Amino acid sequence: MAGKFELYTDAGGKWRFRLKAGNGQVIAVGEAYESKAAAHNGIESVKKNAPDAPVVEV
């Protein structure tokens with residue numbers, strides 16, 4: 001099974017997303033968003049900006 005983004009509301013009513021691997025393990029979590037549309041934009045930003053992101057040790 002491929003990974004997937006899950007979109008949900010938290011206990012405070014804010015929209016959030018998490019990225020799960022094919023085995024169901026959470027591998028990334030987004031910030032809290034005021035609207036569902038903003039959370040979708042966050043997901044699209046991750047998809048667009050991270051496919052070739054370098055790994056930087058700090």
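Colleague: How many bridges join β2 to strand β3?
Modeller: In this predicted model, with residues numbered from 1 along each chain, local features need pLDDT of at least 70 and side-chain atom pairs 80 or more, while totals for chains, interfaces and linings use all residues. Side-chain values use heavy atoms, without hydrogens or water. Strand β3 covers residues 26-29 and runs antiparallel to β2 (strands are DSSP runs of E, at least two residues, numbered from the N terminus; a pair needs at least two bridges). The number of bridges joining β2 and β3 is three.

Colleague: Which residue of β3 does R18 stand opposite?
Modeller: On the β1 side, R18 of β2 is the bridge partner of E6. R18 also lies over the face of Y8, 4.0 Å from the ring centre (for Arg, CZ within 6 Å of the centre and within 35 degrees of the ring normal). In β3, R18 stands opposite V29.

Colleague: Why do the rings of F5 and F17 count as edge-to-face?
Modeller: Their pair is one of two aromatic pairs in the whole structure (centres within 6.5 Å; planes under 30 degrees apart are stacked, over 60 edge-to-face, the rest tilted). The F5 and F17 centres are 5.9 Å apart, and the pair is edge-to-face because the planes stand at 65 degrees.

Colleague: Is F17 buried or exposed?
Modeller: F17 has 5% relative accessibility, whereas F5, at 27%, is partly exposed (under 20% is buried, over 50% exposed, partly exposed in between, with a 1.4 Å probe and protein chains only). F17 is therefore buried.

Colleague: Which residue joins F5 and F17 in the ring cluster?
Modeller: F17 in strand β2 has a ring partner 16 residues away, in the loop between β3 and α1. Their centres are 6.2 Å apart and their planes at 20 degrees, so they are stacked. The residue linked with F5 and F17 is Y33.

Definitions and conventions: Helix = DSSP H or I, 4+ residues; strand = E, 2+ residues; numbered from the N terminus. Phe/Tyr/Trp six-rings, centres within 6.5 Å; stacked < 30°, edge-to-face > 60°.
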